[in-house]
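Subject: A structure for you to explore

Hi there,

Here is the structure I promised to pass on to you. Please open it and have a look around before you read my notes.

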Amino acid sequence: MEQILLEIEKTITSYLDEMNLELADLEYVSEGGYNYLRIYIERVDGVTSIEDCVGFSEKVDPLIEDFIKDKFFLEVSTPGIERRLRKERDFLRFKGKKIRLALKSKVNDKKVLTGDLVDFINNEVVVNIEGTLINIPLEKVKKANLIFEMPDFKEEV
């Protein structure tokens with residue numbers, strides 16, 4: 001399936017460029033007995049609208065059926081506020097933000113780490129966890145997500 005997803009990504013790139021969109025993520029999952037191809041997009045120059053998602057879905061839907069033989073549902077949406085981080089550009093873009101890392105093996109006796117994303121250097125995620133910098137090779141990361149933090153609203157008296 002990984003190879004098919006790479007082929008789909010190559011195929012939809014021209015449509016992303018044409019619509020001034022960027023691919024944030026792409027996944028094929030089975031949930032509740034149904035298969036889903038999920039394409040997460042975002043506008044390069046601003047806020048992604050529902051019209052962007054609908055328009056992109058209409059353009060790529062006929063093309064994708066050639067790649068996947070099983071019955072599936074196509075979902076096109078934005079990556080959301082707790083978006084997944086997968087590529088180097090994702091980690092570099094969100095430096096300084098709070099992230100959660102689910103790891104394939106333990107680091108400091110933990111498989112889930114939460115901290116501030118400091119950098120991405122030599123294919124390693126650099127995270128500040130309670131004042132300690134930890135370098136984690138990307139191949140050890142099972143899943144990485146931003147963590148949304150509510151702004152601290154203080155009522156002025």
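Below is what I found in it, going from the whole chain to a few side chains.

Please keep in mind that this is a predicted model.

**The whole chain**

Let's start with the overall layout. The protein chain has 3 helices and 8 strands. If you walk along the chain from the N terminus, the elements come in the order α-β-β-α-β-α-β-β-β-β-β. A box of roughly 50 × 45 × 35 Å, taken along the principal axes, holds the C-alpha atoms.

How much of the chain is buried? Of its 157 residues, 36% count as buried. The accessible surface adds up to about 10,000 Å², and carbon and sulfur atoms make up 49% of that. You can also ask which parts of the sequence touch each other: among contacts with a separation of 6 or more, 53% are between residues 24 or more positions apart.

**The aromatic rings**

Next, try colouring the aromatic side chains. A pair of aromatic rings is described by the distance of the centres and the angle of the planes. There are 3 aromatic pairs in this model. One of them joins Tyr34 and Phe73, whose ring centres are 5.7 Å apart with 65° between the planes. An angle over 60 degrees counts as edge-to-face, so that is the name for the arrangement of Tyr34 and Phe73.

Where do these two residues sit? Tyr34 belongs to strand β2 (residues 34-43) and Phe73 to strand β3 (residues 73-77), so their pairing ties together parts of the chain that are 39 residues apart in sequence. Both rings belong to residues that are partly exposed: Tyr34 has a relative accessible area of 46%, and Phe73 has 38%.

Tyr34 and Phe73 also have company, as they form one aromatic cluster with Tyr36. Look at the face of Tyr36 too, where you will find Arg38 lying over the ring, 4.9 Å from its centre.

**A nonpolar patch**

Finally, turn to the surface. Ile81, Phe148, Met150 and Phe153 form a nonpolar patch there, with about 510 Å² of accessible area together. Is Ile81, one of its members, buried or exposed? Its relative accessibility is 58%, so Ile81 counts as exposed. You can find Ile81 in the loop between β3 and α3 (88-93).

Enjoy exploring, and write back with any questions!

Best wishes

Terms used
Residues are numbered from 1 along each chain as its sequence is written. This is a predicted model: local features need pLDDT of at least 70, side-chain atom pairs count only at pLDDT 80 or more; totals for chains, interfaces and linings use all residues. Side-chain values use heavy atoms; hydrogens and water are left out. Rings of Phe, Tyr and Trp (its six-membered ring) pair if their centres lie within 6.5 Å; planes under 30 degrees apart count as stacked, over 60 as edge-to-face and the rest as tilted. Helices (H or I, at least four residues) and strands (E, at least two) are DSSP runs, numbered from the N terminus. Buried means under 20% relative accessible area, exposed over 50%, partly exposed in between (1.4 Å probe, protein chains only). A charge sits over a ring if NZ of Lys or CZ of Arg is within 6 Å of the ring centre and within 35 degrees of the ring normal. Patches are made of residues with over 30% relative accessible area and no salt bridge: like charges are joined within 9 Å, nonpolar side chains (Val, Leu, Ile, Met, Phe, Trp, Tyr) within 5 Å. Accessible areas come from the Shrake-Rupley method with a 1.4 Å probe; for residues, only the protein chains shown count as cover. A salt bridge is a side-chain nitrogen of Lys or Arg within 4 Å of a carboxyl oxygen of Asp or Glu. Contact means heavy atoms within 4.5 Å.
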